[in-house]
Amino acid sequence: MNITEYMQSVGQRARVASRAMARADSATRNRALLLIADAIVRDAPLLRAANQLDLDAARASGLAPAMLERLALSESAINTMVEGLRQIVSLSDPIGEISNLKYRPSGIQVGQMRVPLGVIGIIYESRPNVTVDAAGLCIKSGNATILRGGSEAIHCNRALAKIVAEGLLGAGLPTDGVQVVDTTDRAAVGALITMPQYVDVIVPRGGKGLIARLIDEATVPMIKHLDGICHVYIDAKAEIAKALAIAFNAKCQRYGTCNTMETLLVARAIAPAVLPQLVALYATKEVELRADPEAFALLAGYPHLVAATDEDWSTEYLGPILAIKTVENMDEAIDHINTWSSKHTDAIITEDYSAAMRFLREVDSASVMINASTRFADGFEYGLGAEIGISNDKLHARGPVGLEGLTSLKYVVFGHGEIRN
């Protein structure tokens, strides 16, 4: 296969299909999504069998445990994909919506119309559910998409690609509206990110290595996040039972996700009461704790205790490792977060309303939470149906990127014969 020629063909077909996707009415796009959801339910055994081929190959190649976890397509994950598609169907269609319409002194009316971005290239690793989430959001928002999943998920992605194509065809939409790149050659990524004539935006979902490469090489604009260094701050006025539950869930509910807590900050006044109890919880999961000197002293005797270094404050572990730091007050906590956070998701646990609202205002991250686990920073949990990715950027889209993040606004003018003097 000549990769350049292949990707050029994919891009050309996506550009043509994007026009049909943008023209399609909401009922047609919703019908495609429901057909895809029904086919996933029907073919669940085939999908699990394809996923097992990927898992067997990944284990044989020594893929890291966090990546294996992302690769696995459990029954629950399949159900979530189906529910995500149906939730997307239930969402209002943003395409064609006109807002901010107002008369100008000249007599014209000026407003803004929400329109698709066009062709969206999505590059991701491991998670086969992204294939469906991304396809669903792009179809609903009237975009065409080119999906380049990781080589480790090739069997499952091929099976999902057939299901998506079936749904598009059944709804009368072009099957080129969603194309899954059918090669594991890394050169396909290089081609995809340098085709601005065919691709309007790239959404990368992967590790630092992938994102760094794309930042260096891409000539297509990107919606991206580099990593997820998420914090939970237990304030002096936190309710301890609430703090224990949230700090445990934020770290241990799932390790290999970008919204998992990587650093725990604890107010000095409450640390002696809360840290020993938290240690008992983390011990059940054998979580390694990397603690600053003050926390280290409070946790003495814990079998998985290591002295923290500055590198720990800037590390996304994606595993059973947690950095812990004591702070004097919220000023110090906010300063630490705004210095070391990746601007993904950060949370405060407190019963002090004023402190909570100040935390919301001053922490410079895409999602900021009060008394909730960082694991909720997710398009599905936010009611977006699914997410195409999470953006740490401040331009165009920020946080979980759902339907609106896959659209743009253009100005529209309604005239009545006016001419400019």
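Helices (H or I, at least four residues) and strands (E, at least two) are taken as DSSP runs and numbered from the N terminus. On that numbering, Lys343 sits in the loop between α14 (330-340) and β12 (345-349). The model described here is predicted.

## Backbone: positive phi values

Lys343 has a phi near 65 degrees, a positive value in a residue other than glycine. Lys343 is partly exposed, with a relative accessible area of 26%. Asn100 also has a positive phi, of about 55 degrees, although Asn100 is not a glycine. Its setting is strand β1 (residues 98-103). With a relative accessible area of 48%, Asn100 is partly exposed.

## Helix packing

Two helix pairs are described here. For the pair α2 (residues 26-42) and α3 (residues 44-60), the axes are 5 Å apart and the packing angle is about 70 degrees. Angles of 65 to 115 degrees count as roughly perpendicular, so α2 is roughly perpendicular to α3. On the α2 side the contact involves Ile40, Val41 and Arg42, and on the α3 side Ala44, Pro45 and Leu47. Sorted by class, the contact of α2 with α3 has 5 nonpolar residues, no polar residues and 1 charged residue.

The second pair is α5 (residues 75-90) and α6 (residues 129-140), whose axes come within 10 Å and cross at roughly 10 degrees. Angles under 35 degrees count as roughly parallel, so α5 is roughly parallel to α6. Helix α5 contributes Met81, Leu85, Ile88 and Val89 to the contact, while α6 contributes Asn129, Val132, Gly136, Leu137 and Lys140. By class, the contact of α5 with α6 has 6 nonpolar, 2 polar and 1 charged residues.

## Separations between residues

Lys140, which is part of the α6 side of that contact, also appears in a pair with Asp25. The C-alpha atoms of Asp25 and Lys140 are separated by 9.7 Å, with their positions 115 residues apart along the chain. Asp25 is in the loop between α1 (3-23) and α2, and its relative accessible area of 45% makes Asp25 partly exposed.

Leu91 lies in the loop between α5 and β1. Leu91 is partly exposed, at a relative accessible area of 23%. The table lists the separation of Leu91 from Val327 along with two other pairs.

| Residue pair | Separation along the chain | C-alpha separation |
|---|---|---|
| Asp25 and Lys140 | 115 residues | 9.7 Å |
| Arg213 and Val189 | 24 residues | 9.9 Å |
| Leu91 and Val327 | 236 residues | 42 Å |

Arg213 is placed in helix α9 (residues 208-217). Neighbours within four places in sequence aside, Arg213 is in contact with Arg186, Val189 and Gly190. Val189 is thus a contact of Arg213, with the C-alpha atoms of the two residues separated by 9.9 Å.

## Aromatic pair

A search of the whole structure finds 1 aromatic pair. The pair is formed by Phe248 and Tyr282 and is tilted, with 6.2 Å centre to centre and 35 degrees between the planes. Phe248 belongs to helix α10 (residues 240-252) and Tyr282 to helix α11 (residues 271-283), so the pair links distant parts of the chain, 34 residues apart. What is the relative accessibility of each partner? For Phe248 the value is 22%, which counts as partly exposed. Tyr282 has 1% and counts as buried.

## Cysteines

How many disulfides does the structure hold? The number is 0. A disulfide requires a pair of cysteine sulfur atoms within 2.5 Å. For Cys252, the closest cysteine sulfur is that of Cys230, at 14 Å, which is too far for a bond. Cys258 is likewise in no disulfide, and its nearest cysteine sulfur, again in Cys230, is 6.9 Å away. Are Cys252 and Cys258 buried or exposed? Cys252 is buried, with a relative accessible area of 10%. Cys258, at 13% relative accessibility, also counts as buried, because the cut-off for buried is under 20%.

Methods: Residues are numbered from 1 along each chain as its sequence is written. This is a predicted model: local features need pLDDT of at least 70, side-chain atom pairs count only at pLDDT 80 or more; totals for chains, interfaces and linings use all residues. Side-chain values use heavy atoms; hydrogens and water are left out. Buried means under 20% relative accessible area, exposed over 50%, partly exposed in between (1.4 Å probe, protein chains only). Axes are lines fitted to C-alpha atoms, for helices over the stretch in contact, and angles run from 0 to 180 degrees between N-to-C directions. Angles under 35 degrees count as roughly parallel, over 145 as roughly antiparallel, 65 to 115 as roughly perpendicular and the rest as oblique. Contact means heavy atoms within 4.5 Å. Ala, Val, Leu, Ile, Met, Phe, Trp, Tyr, Cys and Pro count as nonpolar, Asp, Glu, Lys and Arg as charged, and the others, Gly among them, as polar. Rings of Phe, Tyr and Trp (its six-membered ring) pair if their centres lie within 6.5 Å; planes under 30 degrees apart count as stacked, over 60 as edge-to-face and the rest as tilted.
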